[in-house]
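Could you walk me through this structure in the viewer, one selection at a time? I would like to know what to pick next and what is there.

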Amino acid sequence: MFVRCAYVIILMAIYWCTEVIPLAVTSLMPALLFPLLKILDSKQVCVQYMKDTNMLFLGGLIVAVAVEHWNLHKRIALRTLLWVGAKPAQLMLGFMGVTAFLSMWISNTATTAMMVPIVEAVLQQMEATSTATEAGLGALELADKGKASELPGSQVIFEGPAMGQRENCDRKSMCKAMTLCVCYAASIGGTATLTGTGPNVVLLGQMHELFPDSKDTVNFASWFGFAFPNMVIMLLLAWLWLQCIYMGFNFKKSWGCGLERKNNEKAAYEVLQEEYRKLGPFSFAEVNVLLCFFLLVSLWFSRDPGFMPGWLSVAWAEGETQYASDATVAIFVAMLLFVVPSQKPKFNFCSQTEEERKIPFYPPALLNWKVTQEKVPWGIVLLLGGGFALAKGCEVSGLSEWMGKQMEPLHAVPPAAITLILSLLVAVFTECTSNVATTTLFLPIFASMSRSIGLNPLYVMLPCTLSASFAFMLPVATPPNAIVFAYGHLKVSDMVKTGLMMNVIGVFCVFLAVNTWGRVIFDLDHFPDWANVTHIET
């Protein structure tokens, strides 16, 4: 039976890598092939496609749609950039910090699609200011590009009169650095939260599927405690690397140190100010979306913090049973968005005119189903479900046990070396295929290997999950890379050269995290009881 299961996995791996049919359609293969090959019956397979983990991710996506729909992410980005300052080094750090923060909560594709036009407008204004011969040149308008598929209509042109070759080269380098920093920060930022990117959700689902007794070992709070410091360190190292390779790290020049702000820096600041003015004052809808967002995050953190009893223990935990999970919170806040009004209700019944009385008393909600249906990437839900179905098939067919036995000789290899090698393997593999597909294929294998050699499964699964998000080298590796590449500032060789070092930085940071604070948070030095036996439902 396990040979038949291995055939399905290999077939899906080939289809995922080559994308001969859409990724989401490939994910439906277990629903067809497992029953036909007598691996699992149809009911057992289909139930995997809408598990608790899928609902968590779906709830998070709906909240992200509300943030995007009301342009709250753009307001946060511009306000932060104005606060950071307009010197190139500060501006790059600001772009990276804002992009990473937004990518923690909304998709990295949407974050990049929103941030890159802002970067482009700033670069265009700096270029126009530096080459201007007349005063009073109007500010360049920022085109609103809300979708990842739209290509930019204009690019920075280096045609300044009598511009020296050196200066021209410096400007091109700055354009490369500013655009690359956005796509890198988007990929890095998504790793910090459990719902920030697909591989993190796959890990949570695989833990529940392969190790049902692990309970809440991996939840929103524990993951954030582990991954957020790693994200901050990696972001700073990425900023230093981009500074060194493209802009030259001159502290006095980069940070000012009492020097007057140059004209192009003033121009950049003015562009940001103008774009912020266009948003107008904080709207009632934005305030309500922000409140819902804060409610979501606070409920996630306080559900079961670990160091103290959470609200879960008040009424939703009886013995070993926990009735509410992170998915419950996500769906609760997602449903609130369809109820909370987007405008202030009017209570002046007596003084209303005839026209006003015809308008419904309760204003439209923050979200409606049409907007949600258009903007939620439903394919990712099927992709996750297909991964959980594969994991279930591996268990029931005995393929997991067989793979574990084949890897027993690895017992002699130091655990740190295993982690490092496998992280590098995943980081290379994810350059060629979807990060969710990569995680889905590798995590069950790594879990089996860990159990067979007596190693805590999380010691291998955590770094490999994070490494799946490190697709920095190729334009096709991940949507943020493709969006940035479309603006025409970069060559493939630029991305490969810069991305290779980014992969090394990423793997190093993850290795550091899992061997320091990760050991404490997840008790990685001991083989846990929940990993002893694989739970199989029959």
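## Starting with a helix pair

Select helix α5 (residues 52-69) together with α10: the two pack with their axes 9 Å apart, at an angle of about 155°. An angle over 145° counts as roughly antiparallel, so α5 runs roughly antiparallel to α10. Keep in mind as you look that this is a predicted model. If you turn the view to look through one helix at the other, you will find that α5 passes α10 in a right-handed crossing.

Now show the side chains at this contact. From α5, pick Asp-52, Thr-53, Leu-56 and Phe-57; they meet Gly-198, Val-201, Leu-204, Gly-205 and His-208 of α10. Colored by class, this contact of α5 with α10 has 4 nonpolar, 4 polar and 1 charged residues.

## The other partner of the tour

Keep α10 (residues 198-210) on screen and add helix α23 (residues 457-467). The axes of α10 and α23 come within 9 Å and cross at roughly 155°. α10 and α23 are therefore roughly antiparallel to each other. The crossing of α10 past α23 is right-handed.

Which residues in α10 and α23 meet? On the α10 side, select Pro-199, Asn-200, Leu-203 and Met-207; on the α23 side, select Leu-458, Met-461, Leu-462 and Thr-465. By class, the contact of α10 with α23 has 6 nonpolar, 2 polar and no charged residues.

## Two loops with a positive phi

Go next to the loop between α1 (2-18) and α2, where you will find Glu-19. Check its backbone: Glu-19 is not a glycine, yet its phi is positive, about 55°. As background, most residues other than glycine have a negative phi.

For another case, move to the loop between α5 and α6 (72-84) and select Asn-71. Here too a residue that is not a glycine has a positive phi, with Asn-71 at about 60°. Is Asn-71 buried, partly exposed or exposed? Its relative accessible area is 31%, so Asn-71 is partly exposed.

## A serine in a loop

Select Ser-27, in the loop between α2 (23-26) and α3 (29-36). Is Ser-27 buried or exposed? With a relative accessible area of 0%, Ser-27 is buried. To see what lies around Ser-27, leave out residues up to four places away in sequence and show what it touches: Met-12, Trp-16, Tyr-49, Leu-382, Leu-383 and Gly-386.

## A valine in α25

Now jump to helix α25 (residues 492-514) and pick Val-504. The relative accessibility of Val-504 is 45%, so this valine counts as partly exposed. Add Phe-470 and draw a C-alpha to C-alpha distance: Val-504 and Phe-470 are 9.5 Å apart in space and 34 residues apart in sequence.

## Zooming out

Finish with the whole chain in cartoon view. How many helices and strands does the chain have? Its secondary structure comes to 26 helices and 2 strands. Switch to a surface: the accessible surface of the chain comes to about 24000 Å², and 64% of that belongs to carbon and sulfur atoms. Of the 538 residues, 53% count as buried.

If you draw a contact map, look at the pairs with a separation of 6 or more: residues 24 or more positions apart account for 80% of these contacts in the chain.

Technical notes. Residues are numbered from 1 along each chain as its sequence is written. This is a predicted model: local features need pLDDT of at least 70, side-chain atom pairs count only at pLDDT 80 or more; totals for chains, interfaces and linings use all residues. Side-chain values use heavy atoms; hydrogens and water are left out. Axes are lines fitted to C-alpha atoms, for helices over the stretch in contact, and angles run from 0 to 180 degrees between N-to-C directions. Helices (H or I, at least four residues) and strands (E, at least two) are DSSP runs, numbered from the N terminus. Angles under 35 degrees count as roughly parallel, over 145 as roughly antiparallel, 65 to 115 as roughly perpendicular and the rest as oblique. A crossing is left-handed if the near helix is turned anticlockwise from the far one by less than a right angle, and right-handed if clockwise. Contact means heavy atoms within 4.5 Å. Ala, Val, Leu, Ile, Met, Phe, Trp, Tyr, Cys and Pro count as nonpolar, Asp, Glu, Lys and Arg as charged, and the others, Gly among them, as polar. Buried means under 20% relative accessible area, exposed over 50%, partly exposed in between (1.4 Å probe, protein chains only). Accessible areas come from the Shrake-Rupley method with a 1.4 Å probe; for residues, only the protein chains shown count as cover.
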